[in-house]
Amino acid sequence: MELELAGDELKSVLNRLRRAQGQISGVIRMIEEGRDCEDVVTQLAAASRALDRAGFAIIATGLQQCLTDAEKGSKNGETTEQMRARLEKLFLSLA
C-alpha cells in the first residue's frame, strides 16, 4: 500500500513530527542538564503522544485510500480481507 498524502494532510503530519522532534530534543537537553525526573517524563510523554497522533493520521489516510482502492478494485490483486489484515497490523503497531 503506497501512501499518498494530500497537501493539508501532509502538512498536518509533518507538523506533528516536527513537534515531536522538538520535544525529543528538549528531553535530551533536560537529561543533560540534570532536570527533574517528573519534568523529563512529562516531556517524553508529550513527544510520544505527538508521534502516535502522526502515526494514526498516516494510518487513517491509508485506510481512506484502501477503501477507495477497494471500491475501484484493488490495484495489486489484494483482497479486502488482506487489506483489512494489513491495516489491523498497522493499528496494532501503534498500540
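This briefing describes the fold, confidence, surface and selected residues of one protein chain. The model is predicted, and the mean pLDDT of the chain is 81. The chain has 95 residues, and its secondary structure comes to three helices and zero strands. Along the sequence the pattern reads α-α-α.

**Confidence**

- In the protein chain, 79% of the residues reach a pLDDT of 70 or more.
- Helix α1, residues 7–32, has the highest mean pLDDT among the elements, at 89.
- Helix α3, residues 80–94, has the lowest mean pLDDT among the elements, at 76.
- Where pLDDT is low, the predicted coordinates should not be read in detail.

**Overall fold and surface**

- Helix α2 covers residues 37–72 and stands between α1 and α3 in the sequence.
- Of the residues of the protein chain, 21% count as buried.
- The accessible surface of the chain comes to about 6,800 Å². Carbon and sulfur atoms account for 55% of that surface.
- Taking contacts between residues at least 6 apart in sequence, 70% join residues that are at least 24 apart.

**Helix α1**

- Helix α1 has 26 residues and spans 37 Å from its first C-alpha to its last. This is close to the 38 Å expected at 1.5 Å a residue.
- The buried residues of α1 are V13, A20, Q23, G26, V27 and M30.
- An α-helix has 3.6 residues a turn, so residues three or four places apart point the same way.
- Just after α1, G34 takes a positive phi of about 70°.

**Buried residues V13 and Q23**

- V13 lies in helix α1. V13 counts as buried because its relative accessible area is 4%, where the cut-off is under 20%.
- V13 and L51 are 38 residues apart in sequence, while their C-alpha atoms are 9.3 Å apart in space.
- Q23 is also placed in helix α1. Its relative accessibility is 15%, so Q23 counts as buried as well.
- Leaving out residues up to four places away in sequence, Q23 touches Q43, A46, A47 and A50. These four contact residues fall within the range of helix α2, residues 37–72.

**Nonpolar surface patch**

- A nonpolar patch on the surface is formed by L10, L14, L17, I24, I28 and L51. Together these residues have about 440 Å² of accessible area.
- Helix α1 supplies the largest share of the patch, five residues.
- L17, one of the patch residues, has its place in helix α1. L17 counts as partly exposed because its relative accessibility is 36%, which lies between the cut-offs for buried, under 20%, and exposed, over 50%.
- L51 belongs to the patch and is also the residue paired with V13 in the distance given above, 9.3 Å from C-alpha to C-alpha.

**Residue L63**

- L63 lies in helix α2. With a relative accessible area of 31%, L63 is partly exposed.
- L63 and M83 are 20 residues apart in sequence and 9.0 Å apart in space, taken from C-alpha to C-alpha.
- M83 falls within the range of helix α3, residues 80–94, the element with the lowest mean pLDDT.

**Salt bridge**

- The structure holds one salt bridge.
- Its partners are E33 and R35, and the closest N and O atoms are 3.9 Å apart.
- E33 is exposed because its relative accessible area is 52%, against a cut-off of over 50%.
- R35 counts as partly exposed, since its relative accessibility is 42%.

Key: Residues are numbered from 1 along each chain as its sequence is written. This is a predicted model: local features need pLDDT of at least 70, side-chain atom pairs count only at pLDDT 80 or more; totals for chains, interfaces and linings use all residues. Side-chain values use heavy atoms; hydrogens and water are left out. pLDDT is the predictor's confidence in each residue, from 0 to 100. Helices (H or I, at least four residues) and strands (E, at least two) are DSSP runs, numbered from the N terminus. Patches are made of residues with over 30% relative accessible area and no salt bridge: like charges are joined within 9 Å, nonpolar side chains (Val, Leu, Ile, Met, Phe, Trp, Tyr) within 5 Å. Accessible areas come from the Shrake-Rupley method with a 1.4 Å probe; for residues, only the protein chains shown count as cover. A salt bridge is a side-chain nitrogen of Lys or Arg within 4 Å of a carboxyl oxygen of Asp or Glu. Buried means under 20% relative accessible area, exposed over 50%, partly exposed in between (1.4 Å probe, protein chains only). The expected span of a helix is 1.5 Å times one less than its number of residues. Contact means heavy atoms within 4.5 Å.
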